[in-house]
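Here are some notes to read beside the model. Please keep the sequence and the 3D view open while going through the points.

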Amino acid sequence: MPNHAICLVPAHWTAREVQSHRCSDGSHIHITYAERREMLAAGLVEALLPRVLRLKRTVPIRGLSTKTGEYLALQLYRRRPWARAMLADMLRSTAP
Ligand SMILES: [Zn+2]
């Protein structure tokens with residue numbers, strides 16, 4: 001099983017948009033099956049395609065839910081690179 005097997009795409013992507021990008025073009029990040037389980041359990045992502053997760057858009061940055069904030073802080077503390085990318089995406093997608 002490859003280490004990074006699941007695509008994690010930005011909140012505004014549709015299934016069609018997923019198909020118009022390649023995994024090698026740097027447009028999204030990849031997470032492991034274990035991280036997929038964690039993020040689904042935390043309610044941060046939704047399944048878009050069987051191997052593609054999409055970030056939920058319901059996280060206004062000024063009101064980052066306690067749950068989400070705590071989760072991200074924990075992941076950043078663990079130096080998970082995807083947590084950084086996810087936070088950056090949230091900041092972008094919720095900009096005024
Ligand atoms: Zn990918």
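1. Starting at the N terminus, the order of elements along the chain is β-α-β-α-β-β-α-α. That gives four helices and four strands. Please keep in mind that this is a predicted model.

2. On burial and contacts across the whole chain: of its 96 residues, 22% are buried. Take the contacts between residues at least 6 apart in sequence: 63% of them join residues at least 24 apart.

3. The largest nonpolar core contains 15 residues. Ile 6, Cys 7, Leu 8, Leu 44, Val 45, Leu 53 and Leu 55 are the members with the most contacts inside this core. At least two core residues come from each of β1 (6-9), β2, β4 (52-55), α3 (66-77) and α4 (81-93). The element that gives the most is β1, with four residues.

4. Strand β1 deserves a look from both sides. Ile 6 and Leu 8 lie on one side of β1, Cys 7 and Val 9 on the other, and all of these residues are buried. Both faces of the strand are thus covered.

5. Which strands pair with β1, and in what sense? With β2 the pairing is antiparallel, over three bridges. With β4 the pairing is parallel, also over three bridges. To find these pairings in the view, use one residue pair for each: Cys 7 stands opposite His 30 in β2, and Val 9 has Arg 54 as its bridge partner in β4.

6. Ile 6 is a useful residue to select. Leaving aside residues up to four places away in sequence, Ile 6 touches His 30, Ile 31, Tyr 33, Arg 36, Arg 51 and Leu 53. Of these partners, Leu 53 is also listed among the core residues with the most contacts.

7. For a contrast with the strand, go to His 21, which sits in the loop between α1 (15-19) and β2 (29-31). Is His 21 buried, exposed or partly exposed? His 21 has 14 C-beta neighbours inside 10 Å, so it counts as partly exposed; being buried would need 20 or more, and being exposed 12 or fewer. Its contacts, again without residues up to four places away in sequence, are with Ser 27 and His 28.

8. To check the reading, return to β1 in the view. Its pairing with β2 is antiparallel, its pairing with β4 is parallel, and its four residues in the largest nonpolar core are the biggest share from any element.

Technical notes: Residues are numbered from 1 along each chain as its sequence is written. This is a predicted model: local features need pLDDT of at least 70, side-chain atom pairs count only at pLDDT 80 or more; totals for chains, interfaces and linings use all residues. Two residues are in contact if their C-beta atoms, placed from the backbone, lie within 7 Å. A nonpolar core is a set of buried Ala, Val, Leu, Ile, Met, Phe, Trp, Tyr and Cys residues joined through C-beta atoms within 7 Å. Two strands pair if DSSP finds at least two bridges between them.
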